[in-house]
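Please look over the sequence and the model below with attention to how the strands are joined by their turns, how one helix is packed, and where the prediction can be trusted. The points that follow are grouped by topic.

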Amino acid sequence: MKKLLLILLFIPLVSFGQLFDCKVSDGFILVNKDWVDKTSFYDDAKKTTNWSDENIRSIINQLVTNDNTFYIDINNFDNIVVILKSKVEPSNSILKTLESGILKNAKEWGMEILVWETGLKLYNNKHKYIYIVNKSRIKKINLDNWSNQYIISINNKTYWMTINSVNGLTIEDVFLEIN
């Protein structure tokens, strides 16, 4: 839970509905207001952090009021997926720009890159995407984290996906189908 809350601070917060038609792997659920209301998210945050009620309520509010999509693995809250609408099309030039920015930020934030793989692919031979597979270590708190980035075109719309996980989950691991 502490790692989930830490990750939520570094990524745009989200969720009311799906942005595109897809089928996700078992265990991943769409986070929305109903889910937050039915879980012990608030109580878990109180137990695992020293944050004020105001800070926790602010995070919960951001989770349920933005218009992007947020999935969480109910079997492991450290595995989360954030999907944002994007105006940037997947291309080699965008990939190079992202690579440069991520590497620069990692250095500035005192992170060590442990795994780094990038490229351009097709999902199910029809959806073009760029990817950055990245395992980093946040040195100050000795925390390893996979944060895989994707920009994918689906039916003439573009989305930016971030898959944060403990074991390097990829787009193919999380999404069984994208229509």
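β5 and β6 form a hairpin with 3 residues between them, and Asn 124 in this turn has a positive phi of about 50 degrees. The two strands run antiparallel and are joined by 12 bridges, where strands count as paired if DSSP finds at least two bridges between them. Helices (H or I, at least four residues) and strands (E, at least two) are DSSP runs, numbered from the N terminus. This is a predicted model, in which local features need a pLDDT of at least 70 and side-chain atom pairs count only at pLDDT 80 or more, while totals for chains, interfaces and linings use all residues. Residues are numbered from 1 along each chain as its sequence is written, and side-chain values use heavy atoms, with hydrogens and water left out.

**Hairpins and strand pairing**

- Within the pairing of β5 and β6, Lys 121 has Tyr 129 of β6 as its bridge partner.
- β6 and β7 also run antiparallel, joined by 8 bridges, and they form a hairpin with 4 residues between them, in whose turn Asn 142 has a positive phi of about 50 degrees.
- Two bridge pairs can be named for β7 on this side: Ile 130 is partnered by Ile 151, and Lys 135 is partnered by Trp 146.
- β7 is joined to β8 by 9 bridges, again in an antiparallel arrangement, with Ile 152 paired to Tyr 159 in β8.
- The hairpin of β7 and β8 has 2 residues between the strands, and Asn 155 takes a positive phi near 50 degrees there.
- Of the 12 residues of β7, 11 are buried, so this strand is largely enclosed by the rest of the structure; buried means under 20% relative accessible area, exposed means over 50%, and partly exposed lies in between (1.4 Å probe, protein chains only).

**Asparagines with positive phi**

- Most residues other than glycine have a negative phi, and most peptide bonds are trans.
- Asn 124, although not a glycine, has a positive phi of about 50 degrees; this residue is found in the loop between β5 and β6 and is partly exposed, with a relative accessible area of 46%.
- Asn 142 likewise is not a glycine and has a positive phi of about 50 degrees; it lies in the loop between β6 and β7 and is exposed, with a relative accessible area of 58%.

**Helix α5 and its cover**

- Helix α5 (residues 92-108) has 17 residues and reaches 24 Å from its first C-alpha to its last, close to the 24 Å expected at 1.5 Å a residue, the expected span being 1.5 Å times one less than the number of residues.
- Which residues of α5 are buried? They are Leu 95, Leu 98, Glu 99 and Ala 106.
- These buried residues cover an arc of only 105 degrees around the axis, which puts them on the same side of α5; the arc is that of the directions from the helix axis to the C-beta atoms.
- On the other side of α5, the exposed residues are Lys 96, Thr 97, Lys 104, Lys 107 and Glu 108.
- The cover over the buried residues of α5 includes β5 (111-123), β6 (127-138), β7 (143-154) and β8 (157-165).
- Gly 110, which follows α5, has a positive phi near 70 degrees.

**Surroundings of Ile 29**

- Ile 29 has its place in strand β2 (residues 28-30) and is partly exposed, with a relative accessible area of 23%.
- Not counting residues up to four places away in sequence, Ile 29 touches Trp 35, Phe 70, Tyr 71, Ile 72 and Ile 74, where contact means heavy atoms within 4.5 Å.
- Ile 29 and Ile 80 are 51 residues apart along the chain, and their C-alpha atoms are separated by 9.6 Å.

**Whole chain and confidence**

- The protein chain comes to 6 helices and 9 strands, and buried residues make up 45% of its 179 residues.
- Among contacts with a separation of 6 or more, 60% join residues 24 or more positions apart.
- The average pLDDT of the protein chain is 83, with 86% of the residues scoring at least 70; pLDDT is the predictor's confidence in each residue, from 0 to 100.
- Confidence is lowest in helix α1 (residues 2-10), at a mean of 46, and highest in β5, at 96.
- Over residues 5-17 pLDDT stays under 50, and the model has 52 contacts beyond four places in sequence for them.
- Where pLDDT is low, the predicted coordinates should not be read in detail.
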